[in-house]
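Q: Please take a close look at the metal site in this structure, and then set it in the chain around it. I am in my first year, so please explain each term when it first comes up.

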Amino acid sequence: MISKNMQEALNAQINAELWSAYLYLSMSMDADDKGLKGSAHWFAHQFKEEQEHARKLAGYLQSQNAKVVLAPIATVQTEWPSVTAMFEDTLAHEQKVTAMIHELCKLAAAEQDFATANMLQWFVNEQVEEEDAAREIVDAFRMVEGEKVGVYMLDQKLGAR
Ligand SMILES: [Fe+2]
Ligand SMILES: [Fe+2]
């Protein structure tokens, strides 16, 4: 059994993961509108991953006999000035999510909730990967900024994800 406090915090994180999914779906649509099929594919993949994160948390709550409450998902931005801006926003967003996960870890530690702390370790590791992947793509797009062939080739590469 987990505390009411922890239940609420994990439900809030489910909403944050679904909002992330929504954000990446929106980026996928905008990338497609910009003719960047590879980036659209990358974000569509990310959309699915974020839904999996939400499911993972929901599954954990249910295994602890706690109620999953699905709250409304806030609206997301629908257009970005460039694909570089999309990935910069991705990195900034993932850094924010990392901070949220770390807050959950602190709560688990404060409550001596060992099961939740253990479950959260997966998310701690996942966030390291998420930030690293986004940072690498931001760097790459910045390197080819203004060069159409470079952007095209990088976009193609992202399509292979
Ligand atoms: Fe996530
Ligand atoms: Fe993420």
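A: What follows begins with some ground rules, then turns to the metal site, and then to the helices and loops around it.

This is a predicted model, in which local features need pLDDT of at least 70 and side-chain atom pairs count only at pLDDT 80 or more, while totals for chains, interfaces and linings use all residues. Residues are numbered from 1 along each chain as its sequence is written, chains are lettered from A and ligands numbered from 1 in the order in which they are written, and side-chain values use heavy atoms, with hydrogens and water left out.

The chain as a whole comes before the site itself. It has five helices and zero strands, where helices (H or I, at least four residues) and strands (E, at least two) are DSSP runs, numbered from the N terminus. Read from the N terminus on, the elements therefore run α-α-α-α-α. The C-alpha trace spans about 55 × 25 × 25 Å along its principal axes. Of the 161 residues, 46% count as buried, a word used for a relative accessible area under 20%, with exposed meaning over 50% and partly exposed in between (1.4 Å probe, protein chains only).

Now to the site. A donor here is an N, O or S atom within 2.8 Å of the metal (3.2 Å for Na, K and Ca), and because water is not among the atoms, sites may look incomplete. For the iron ion (ligand 1), the protein donors are Glu17 (OE), Glu50 (OE) and His53 (ND1), which lie 2.1 Å from the ion. Along the chain, the donors of this iron ion (ligand 1) follow the spacing E-x32-E-x2-H. The pair of Glu17, in helix α1, and His53, in helix α2 (residues 37-63), links distant parts of the chain, 36 residues apart. As for accessibility, Glu17 has a relative accessible area of 1%, which means that it is buried, and His53 is likewise buried, with a relative accessible area of 2%.

The iron ion (ligand 2) has as its protein donors Glu50 (OE), Glu94 (OE), Glu94 (OE) and Glu130 (OE), at 1.9 to 2.6 Å from the ion, so Glu94 appears in the list with two entries. Four donors count as tetrahedral if all angles lie between 85 and 135 degrees; four count as square planar and six as octahedral if opposite donors are over 155 degrees apart and all others between 65 and 115; anything else is irregular. Why is the arrangement around the iron ion (ligand 2) irregular? The four donor atoms subtend angles of 53 to 151°, and this makes the arrangement irregular. Their spacing along the chain is E-x43-E-x35-E. Since Glu50 lies in helix α2 and Glu94 in helix α3 (residues 83-110), this pair ties together parts that are 44 residues apart in sequence.

The two ions share a ligand residue: Glu50 coordinates both the iron ion (ligand 1) and the iron ion (ligand 2), which are 3.3 Å apart. Glu50 is buried, and so is Glu94; for Glu94 the relative accessibility is 1%. Glu94 and Glu130 are 36 residues apart in sequence, yet their C-alpha atoms are 6.7 Å apart in space.

The helices that carry some of these donors can be checked by their length, with the expected span of a helix taken as 1.5 Å times one less than its number of residues. Helix α1 (residues 4-33), which holds Glu17, has 30 residues that should span 44 Å, and because its end C-alpha atoms are 44 Å apart, the two values agree. Helix α3, where Glu94 is found, has 28 residues that should span 40 Å, and its end C-alpha atoms are 41 Å apart, which agrees.

Beyond the helices, some backbone angles deserve a look. After α1 comes Gly35, whose phi is positive, near 80°. Asn65 has a phi near 55°, a positive value in a residue other than glycine, and its place is in the loop between α2 and α3. With a relative accessible area of 65%, Asn65 is exposed. Gln112, which follows α3, also has a positive phi, near 50°. Gln112 is found in the loop between α3 and α4 (114-143) and, at 57% relative accessibility, counts as exposed, whereas the donor residues Glu50 and Glu94 are buried.
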